[in-house]
Amino acid sequence: MKVMEIRKLKSENLYLVVFENERNIKIGLEMLIKYNIIEGKDLTQEDIDTILQEYEIKSAYNYALHLLERKMYPENQVRNKLLKKGFNEMVVEKTISKLKEYGFVNDEEYIKKYIEYSITKKFGSRRIITNLKQKGLYIKEKDIDINSETLYENAKLLALKKLNIMAKDKKNVKQKLYNYLVYRGYDNEVIFKVLKEILNEYDGDLL
């Protein structure tokens, strides 16, 4: 197909390439130069398909980089965002492969960073596992390397803060604290240890 016109689009950093059959495609300047696309040049359908596929992959890759500049995402979330943006599965998989090759997507590193973040938020192991599962990442509790003393101190700080908030409402305090720490992701061993200590400090009048 012969290229009849090449027109710069005002609202986008793209060029509109119009063919003799009135079909048109949108591509960037880099693609025009790379494939030496000029008015009057004949392109086969195979040429056009190759150019469009390359442009789609480049667009998907740049979009993914834009997302990842702002925050880390696991592979599954990047894939879903690209599909939602309208890129086809082939383009998405090639993009994901490229992102992984250059280390921009790395689920193991994401899990490590997320656990570190969760510790600062004082989440227990079970809450971390649940949150990661919602992101499409599956790990076991034994794979979460959090110092037991850190877990205990975090749970205690949360319980004391909650206890302070409930100072005027002493009804069912033990159950409320238990439920709250379960919600935050702590297991019974840690919870019972915390409750025993802080409730004893309050002379048992909240039991």
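**Entry 1: Asn131**

I began with a side-chain pair: Asn131 and Tyr114 are joined by a polar contact of 3.0 Å. For a polar contact I took a pair of N or O atoms within 3.5 Å; within protein, one must be able to donate a hydrogen and the other to accept it, and residues adjacent in sequence count only if both atoms are side-chain atoms. The model is a predicted one, where local features need pLDDT of at least 70 and side-chain atom pairs count only at pLDDT 80 or more, while totals for chains, interfaces and linings use all residues. Residues are numbered from 1 along each chain as its sequence is written, and side-chain values use heavy atoms, with hydrogens and water left out.

I placed Asn131 in helix H6; helices here are DSSP runs (H or I, at least four residues; strands are E, at least two), numbered from the N terminus. Is Asn131 buried or exposed? It counts as buried, because its relative accessibility is 12%; buried means under 20% relative accessible area, exposed over 50%, and partly exposed in between (1.4 Å probe, protein chains only). Setting aside neighbours within four places in sequence, I found Asn131 in contact (heavy atoms within 4.5 Å) with Tyr114 and Phe123.

**Entry 2: aromatic rings**

Tyr114 led me to the rings. I paired rings of Phe, Tyr and Trp (its six-membered ring) if their centres lie within 6.5 Å; planes under 30 degrees apart count as stacked, over 60 as edge-to-face and the rest as tilted. The whole structure gave me three aromatic pairs. One of them is Tyr110 with Tyr114, stacked at 6.3 Å centre to centre and 15 degrees between the planes. The two are separated by about one helical turn because they sit four residues apart in helix H5. I noted Tyr110 as buried at 7% relative accessibility and Tyr114 as buried at 11%.

Tyr178 and Phe192 are stacked too, because their ring centres are 5.9 Å apart and their planes lie at 15 degrees. This pair links distant parts of the chain, with Tyr178 in helix H8 and Phe192 in helix H9, 14 residues apart. Both count as partly exposed: Tyr178 at 22% relative accessibility, Phe192 at 46%. I also wrote down one aromatic cluster, formed by Tyr110, Tyr114 and Tyr117.

**Entry 3: nonpolar cores**

Next I looked for nonpolar cores, meaning sets of buried Ala, Val, Leu, Ile, Met, Phe, Trp, Tyr and Cys residues joined through side-chain atoms within 4.5 Å. The largest has 28 residues, and Ile128, Leu132, Leu177, Leu181, Tyr186 and Val194 touch the most other members. Helices H5 (107-120), H6 (125-134), H7 (148-165), H8 (173-183) and H9 (188-201) each supply at least two residues of this core. Another core lies apart from it, with 17 residues, among them Val17, Ile25, Leu32 and Ile51.

I then checked Ile37, found in the loop between helix H1 (29-34) and helix H2 (45-70). It is buried, at 5% relative accessibility. What does Ile37 touch, not counting residues up to four places away in sequence? I listed Val3, Ile6, Val17, Ile27, Met31, Leu32 and Ile51. The C-alpha atoms of Ile37 and Val17 are separated by 8.7 Å, with their positions 20 residues apart along the chain.

**Entry 4: helix H7**

H7 has 18 residues and reaches 26 Å from first C-alpha to last, close to the 26 Å expected at 1.5 Å a residue; that expected span is 1.5 Å times one less than the number of residues. At its N-terminal end Asn147 acts as a cap, with a side-chain oxygen 2.7 Å from the backbone nitrogen of Glu149. The buried residues of H7 include Tyr152, Ala155, Lys156 and Ala159. Val194 touches these four and Leu181, not counting residues up to four places away in sequence.

**Entry 5: salt bridges**

My rule was a side-chain nitrogen of Lys or Arg within 4 Å of a carboxyl oxygen of Asp or Glu, and the count came to eight salt bridges. Lys156 forms one with Glu197, the closest N and O atoms being 2.5 Å apart. Lys156 lies in helix H7 and Glu197 in helix H9, so the pair ties together parts 41 residues apart in sequence. Lys156 is buried at 16% relative accessibility, whereas Glu197 is partly exposed at 28%.

Glu54 and Lys34 also meet in a salt bridge (2.5 Å, N to O). I closed with a salt-bridge network that links Glu75, Arg79, Glu93 and Lys100.
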